[in-house]
Each structure stands twice: as C-alpha cells, then as structure tokens.
Amino acid sequence: IHQVLVNIGNHFDLASSIFVAPRKGIYSFSFHVVKVYNRQTIQVSLMQNGYPVISAFAGDQDVTREAASNGVLLHMEREDKVHLKLERGNLMGGWKYSTFSGFLVFPL
C-alpha cells in the first residue's frame, strides 16, 4: 500500500514512484526503509536520472527489524527524476513501512 501524505504540485507520481523536478534548484531528499528479518543485507539507493547518488545499508543478523536511512542535497535541473531503488534484499511489507521525502530548498 502506497500513501502520499503531501504532494503539493503533484510532482511525485504515485504510479511510478518517481519525483520530477518542476524547476532548476537545490532539493533535499531523505528516505527511511525497514528490512525483513532474515540474514540478508539490504541496499537501497536514491537514483537521479537513473544513476545512484546515495545508498543506505542494513544487515544485522541478530535483530528482528533493522532500518536504514540517508539524506542528501541535490542540484537538479528542471525535469530531472529521482526515485528509490531496492538494489538487494527485501523490505518489510515491501515499501509499506518506508518513507521518502523531497522538497525544493533553493530555486536557481
């Protein structure tokens, strides 16, 4: 189940889970994911125009749930695209317990 809490301007497309920059500027992005209890490591990357920018990892074998978070400021051009990609492992409930936030900090 995906849920959008705030999407002013509708620049986040729920169907594709892609954020499209409405204008050139500096944007802030953060995400938080929860891995399934198993002996796998997860890696989630924030992708900008198809290329990984930052990643978060979790892989502790002795806990029932483990979370991974990261955040970044990005210089984006108009129409640049950002999304999360699960590189390896499995998330608890798919993306259900994960969060993704992004906003324009400073227009250029």
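**Entry 1: the N-terminal segment**

I began with N7, which I found in the segment before β1, in what is a predicted model. I looked up its accessibility and noted that N7 counts as partly exposed, at 21% relative accessibility; the cut-off for buried is under 20%, so I did not file N7 as buried. I then took a C-alpha separation across the chain, and recorded 9.7 Å between N7 and F103, which are 96 residues apart in sequence.

I went on to H2, which is also placed in the segment before β1. I noted H2 as partly exposed, with a relative accessible area of 46%. For H2 and Y97, which stand 95 residues apart along the chain, I read a C-alpha separation of 9.3 Å. Leaving out residues up to four places away in sequence, I listed L14, S17 and W95 as the residues that H2 touches.

In that segment before β1 (12-13) I also looked at N10. I noted its backbone, since N10 has a positive phi of about 55 degrees although it is not a glycine. Its relative accessibility is 63%, so I entered N10 as exposed.

**Entry 2: the largest pocket**

I next asked myself which residues lie nearest the centre of the largest pocket. I found Q3, V4, F12, F100 and S101 there, out of a lining of 25 residues. For the space in the largest pocket I wrote down about 870 Å³. I then sorted the lining by residue class, and recorded 15 nonpolar residues, nine polar ones and one charged. When I sorted the lining by element instead, I found that strand β8 (residues 99-107) gives the largest share, with six residues.

**Entry 3: S98, in the loop before β8**

I turned to S98, which I placed in the loop between β7 (81-88) and β8. Is S98 buried or exposed? I read a relative accessible area of 16%, and therefore entered S98 as buried. With residues up to four places away in sequence set aside, I listed H32, V33, V34 and L91 as its contacts.

**Entry 4: the nonpolar core**

I then looked up the largest nonpolar core and noted 20 residues, of which F29, F31, V33, L46, L74 and M76 touch the most other members. I traced the origin of this core to the strands, and found that β3 (25-35), β4 (42-48), β5 (51-58), β6 (66-76) and β7 each supply at least two residues. As background I kept in mind that nonpolar side chains tend to be buried together in soluble globular proteins. V33, which I had already met as a contact of S98, is listed here among the core residues that touch the most other members.

I followed M76 further and, leaving aside its neighbours within four places in sequence, wrote down its contacts as A21, R23, K24, G25, Y27, F29, Q48, K81 and V82. One of these, F29, is itself among the core residues with the most contacts to other members.

**Entry 5: E79 and the salt bridges**

I stopped at E79, which lies in the loop between β6 and β7. I noted a phi near 75 degrees for E79, a positive value in a residue other than glycine. At 40% relative accessibility, E79 went into my list as partly exposed. Setting aside residues up to four places away in sequence, I found that E79 touches V20 and A21; A21 also appears among the contacts of M76. I took one C-alpha separation here as well, and read 9.4 Å between E79 and N49, which are 30 residues apart in sequence.

How many salt bridges does the model hold? I counted two, and I looked at each pair in turn. E79 pairs with R78, and I recorded 3.4 Å between the closest N and O atoms; R78 is at 55% relative accessibility and so counts as exposed. E87 pairs with K85, with the closest N and O atoms 3.8 Å apart. The cut-off for this kind of pair is 4 Å, and I kept that in view when I entered the value of 3.8 Å for E87 and K85. On accessibility, I noted E87 as partly exposed, with a relative accessible area of 32%, and K85 as partly exposed at 36%.

How values were computed:
Residues numbered from 1 in each chain as written. Predicted model: local features only at pLDDT ≥ 70, side-chain atom pairs only at ≥ 80, totals over all residues. Heavy atoms only, no water. 1 Å grid on protein atoms, 1.4 Å probe; cavity = no way out; pocket = protein on both sides within 12 Å on 5 of 7 lines; lining within 4 Å. Points joined across faces, edges and corners; volume = space filled by probe spheres on them. Helix = DSSP H or I, 4+ residues; strand = E, 2+ residues; numbered from the N terminus. Nonpolar A, V, L, I, M, F, W, Y, C, P; charged D, E, K, R; others polar. Buried < 20%, exposed > 50% of the residue type's maximum accessible area, 1.4 Å probe, protein only. Contact = heavy atoms within 4.5 Å. Salt bridge = Lys/Arg side-chain N within 4 Å of Asp/Glu carboxyl O. Core = buried A, V, L, I, M, F, W, Y, C linked by side-chain atoms within 4.5 Å.
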